[in-house]
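Trainee: Could you take me through the charged pairs in this protein? I would like to learn how each label is earned.

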Amino acid sequence: MDYTGQRFRRPADVRQLEGLHAAFGAFLRQAGLAVDEIARWELVLMEAATNAIVHGSKADPKMEIEVAWSVGDGQVRLEVADFGPGLRPEQLAANLPADPLQTSGRGLFLIRESCDRVEVWHGPNGFRLIMTRAAPLLPAGGVSADELLQAALSEISQCYESLAAFYRLGDALIAAERVPDFFQQAIDDIAKVVPYDRLTLHFQPTLQQELRVELARLRVAARENATGSLVEAVLAGGNEVVWQMAAEVAQDPLWGAYECGFCVPLRAGGITFGALTLGRKKQPYLIASELSTVRTYADLFGIALANANNGLAREREQQAYREIEIAADMQADLLPMPVNTTQTGGRAIVRRRTARTVAGDYVDICPTPDGGLILAMVDVMGKGISAALFAGMVRTALRIHAEIGQPLDKLIENLNRVLSNQTGELTLFATCALVYLTPKRDRALIVNAGHCPVLWLSPGVRGKSREIGPSGPPLGLYPDIRYTLEEQVLAPGDQIVLVTDGLYEWEVGGDMACGWKRLAELIRLRGPDGGEAIWEAIQRRIQAANPGQTEARDDQTLLVWECRS
């Protein structure tokens, strides 16, 4: 028995039904069946394929169904198979449901009523329905030998043309210096093997900006928005759409004038980068080999887009790494980290753990002309070169004003004014806490600009402490702000503790106020053991709450001044 036909494997997903329906209808029309016979067979296919997807494969797209159709010896043959458990015995009875209003349960009944013969094969490897029906309008002896030969020669010719185009396309993909050059050659090749009246390419907005700009110059790049079109669904869901009648797309704003066509996603690695759509205003309908050819081109387009997009993303990442390295060098030169140091009347302990190569925190100890010291803790909002430059500006301005010997309140106001004028419209600012230690180290003047509180502790007197919070906004936002000074008398054994928010904002979903309260309690508890013990206790708490975490979420900086006689 001689048959000519087609065979497909598709994911067990109901969204595949539309493409199978279109391909089967086109095959039957080409075979010469009458319109009513085609409608009958399309119904049989939809019922059988739906059963295979929903019942046999439980609508699991990781599974597959197999569909094959053929004509020969005056009949049409359709096979639908799934690789799951198939239909239950009661479903094979092919009876109508007892409830006439029931919306399901009629599929196998309709199949048996529509076909001359239905065979059921049920084995360990799956379930298969084989359906046949006489096709009286076909030649009595089946398709003639001349017609079969002509169809085979046409198919072979198209396969050779497609294969030659694929080889050219593969070479072009390797040789092309620019992705649009490759696309243009490929589009020209498609026209040689799959005639069309219109072809367009839509690209996802998630592509790298440089790539989208280049692709937009293609003559087939879509100028229209895909909203409301079948293209929108393909871009969103990644599933192809085939239509073989104008009525199927009559309401489509882009393709309503085209009698038949095909929209296929440009995918690679499970990601949809765009969609290729082609249409014909009149018959002939797209046949299976043409659909297969377009799919192959679409696959190559998807690979080309993925390579180009990933390459640009890697370049961007490498550029970001280079920027971080440059910023790190700048920070090392412009913002040297103070070391633990013993000064007249006390000792400074400084610790820092950075979230990145470039820290957003800046800590400093500045001598003043009168013999005093300024302890500075600054947290720059931002990362990278811009943040490093801004932190450098803060340090330079701070040290200049400190060397002039200005009072602390004037110093911070002038510092804020300079930074506000320098940044202009840029969204760069910094929180800042400054502590001025008098030459005798017996008093501290404290000013806070949008920073977390400064802690004064007196370990010799149990529980005695004080928090000095902000008296104004961060530096660099508003040029004419006035800040308030707070004074604290110091005695031997007292401590002044400055931190950045990275030491208490590390809890995911944690409340900032509660985080600060817990940190302050820990500092008070470990204060008598010294600045090193405070730092170690904080780090142990963070690591216990985040086991296995090797990098900090935010920069963490601590400065402890310990008063001595």
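Mentor: Let's go through some salt bridges and the labels of their residues. This is a predicted model, where local features need pLDDT of at least 70, side-chain atom pairs count only at pLDDT 80 or more, and totals for chains, interfaces and linings use all residues. Residues are numbered from 1 along each chain as its sequence is written, and side-chain values use heavy atoms, with hydrogens and water left out.

Trainee: Why is the pair E79 and R77 called a salt bridge?

Mentor: The term asks for a side-chain nitrogen of Lys or Arg within 4 Å of a carboxyl oxygen of Asp or Glu. The closest N and O atoms of E79 and R77 are 3.0 Å apart, so the pair fits the definition.

Trainee: What makes E79 buried?

Mentor: Buried means under 20% relative accessible area, exposed over 50%, and partly exposed in between (1.4 Å probe, protein chains only). E79 has 11%, so E79 is buried. R77 has 23%, so R77 is partly exposed.

Trainee: Which network do these two belong to?

Mentor: Salt bridges link R7, R9, E64, E66, R77, E79 and R128 in a network.

Trainee: How do you know that D364 and R399 form a salt bridge?

Mentor: Their side chains meet at 2.9 Å, N to O, and the limit is 4 Å, so the name applies.

Trainee: Is D364 buried or exposed?

Mentor: D364 is at 4% relative accessibility, so it counts as buried. R399, at 23%, is therefore partly exposed.

Trainee: How many salt bridges does the structure hold?

Mentor: It holds 25.
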